[in-house]
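Subject: Structure handover

Hello,

Here is the structure for you to look at. Please open it alongside this message.

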Amino acid sequence: MSEILNKLSGQGVSIWLDDISRERLRSGNLEQLIRDKNVVGVTSNPTIFANALSKGDAYNAQLHDLAVRGVDVGEAVRAITTYDIRWAADVLRPAFDATGGVDGRVSLEVDPRLARESEKTVAEARSLWWMVDRPNLFIKIPATLEGLPAITQALSEGISINVTLIFSLERYRAVMDAWLAGLEAAQAKGLNLATIDSVASFFVSRVDTEIDKRLDKLGKPELKGKAGVANARLAYAAYEDVMNSERWQRLRAAGARPQRPLWASTGVKNPEYSDTLYIDQLVAPGTVNTMPEKTLDATADHANVTGDTVRPYYEQAWNTMAALKDAGVDYDDVVKVLEDEGVEKFEASWNELLESVTKNLVP
């Protein structure tokens, strides 16, 4: 095992892999990463599945069987994705058991075309939860305004949720409120709160990508590459506020688990920046960092893990955000653009996935 990854895990950061494929599963690669790279969780999204189906022959046999049975493309996609997620959940079950259900988690996203439809999102979450039928599953629901009531409803029914596509501090606070409301409703129904888990996926690198473009136009290059980390650090401050609230303390006393912050989109997009920027600068206890394999390898090789790099820097983060505002960066517009783009990109990947499966549904 990498000494650096051991240090990172020792700081309270759970290392999850931001990728899944049938080939990774059948080759034993996921077990290898668990054994050698401290991986204790897996996340997926429509883009990851679209990429997986575009390579190799790992899905051919199942696609053939689905075609012979005359299954429509929507159900075929559900069958393919839930098969991989169920398999990964079983591979990660020892980590789930060893950590008392904290880690060993695998995430599966609802159809992103439902991101603006609350009732359909809940119905899809129920269906996927039933189909995978593993206690270490997370259903991913996007943090759109319409997603918030779906998050509350799903949690109230005992479904563990990974809230995805969070970009703004205001929306993150709304997500935590939706999470607390879901736990309170579950408690009122008499459900065991200890079995309901959640993470909140706060996106990082995409914030820098969007704001850096604006800073170039504004002639303020000295502020580039700072927004993503500052925004995430302030998200952790908001998380600490909720953890200190009486509302959370009541739920905690009833057995509830914290909704851990998860740093998503941690693969660095700008080659001028350190490839471990969003690892080194976002070390804090009780967090998850979900990494593409390239970032995981870079972290194992040369990340600079020196201790908590979040809580001592709140003032610096506020100053950075103030400087961006003074430079003319419209934060509210940035996060709206990022949310809209995030939904659109996942919809495009989902359509690509549907097209790929359709072409292969030939007996």
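Below are notes on the barrel, the helices around it, and the pockets and cavity. Please keep in mind that this is a predicted model.

**The barrel**

Start with the strands. Eight of them close into a barrel, running in the order β1-β2-β3-β4-β5-β6-β7-β8. Their pairing is parallel. From one strand to the next, the twist averages 30°. Take β6 and β7 as an example: five bridges join them, in the parallel sense. F203 is a good place to look, since A264 of β7 stands opposite that residue.

Two helices on the sheet are worth finding. Helix α6 covers residues 73–91 and packs on the sheet. The strands that α6 touches are β3 (105–109) and β4 (137–142). The direction of α6 makes about 170° with that of β3. Helix α15 packs on the sheet too, touching β1 (13–17), β2 (39–42) and β8 (287–291). Here the angle is about 115°, taken between the directions of α15 and β8.

**A helix pair**

Two packed helices are described by the angle between their axes and the distance between the axes. For α5 (residues 60–69) and α6, the angle is about 150° and the axes are 11 Å apart. The crossing of α5 past α6 is right-handed.

Which residues meet there? From α5 come Q62, L63 and L66, and from α6 come A76, A79, I80 and Y83. By class, this contact has six nonpolar residues, one polar and no charged.

**The largest pocket**

This pocket holds about 850 Å³ of space. Its lining counts 38 residues. Closest to the centre are D18, D19, I48, N51 and P292. Several elements give two or more residues to this lining: the helices α2 (22–26), α4 (46–53), α15 (293–302) and α17 (331–360), and the strands β5 (161–166), β6 (198–203) and β7 (260–264). The lining is mixed in class, with twelve nonpolar, 14 polar and twelve charged residues.

**The second largest pocket**

About 270 Å³ of space lies here. Fifteen residues form the lining, and S168, R171, V335, K336 and E339 lie nearest the centre. At least two lining residues come from each of β5, α10 (169–188) and α17. Which element supplies the largest share of this lining? The answer is α17, with five residues. The classes are six nonpolar, one polar and eight charged.

Note that β5 and α17 turn up in the linings of both pockets.

**The cavity**

How many cavities of 30 Å³ or more does the structure hold? There is one. Its space is about 40 Å³. The lining consists of S44, N45, P46, F49, T81, L108, E109 and W350. Two elements, α4 and β3, give two or more residues each. Four of the lining residues are nonpolar, three are polar and one is charged.

**Where to look**

If you have only a few minutes, try these views. For the largest pocket, centre on D18, D19, I48, N51 and P292. For the second largest, use S168, R171, V335, K336 and E339. For the helix pair, show α5 with Q62, L63 and L66 against α6.

Best wishes

Terms used: Residues numbered from 1 in each chain as written. Predicted model: local features only at pLDDT ≥ 70, side-chain atom pairs only at ≥ 80, totals over all residues. Heavy atoms only, no water. 1 Å grid on protein atoms, 1.4 Å probe; cavity = no way out; pocket = protein on both sides within 12 Å on 5 of 7 lines; lining within 4 Å. Points joined across faces, edges and corners; volume = space filled by probe spheres on them. Helix = DSSP H or I, 4+ residues; strand = E, 2+ residues; numbered from the N terminus. Nonpolar A, V, L, I, M, F, W, Y, C, P; charged D, E, K, R; others polar. Pairing = 2+ DSSP bridges. Axes fitted to C-alpha atoms, helices over the stretch in contact; angles between N-to-C directions. Contact = heavy atoms within 4.5 Å. Left-handed = near helix turned anticlockwise from the far one by under 90°.
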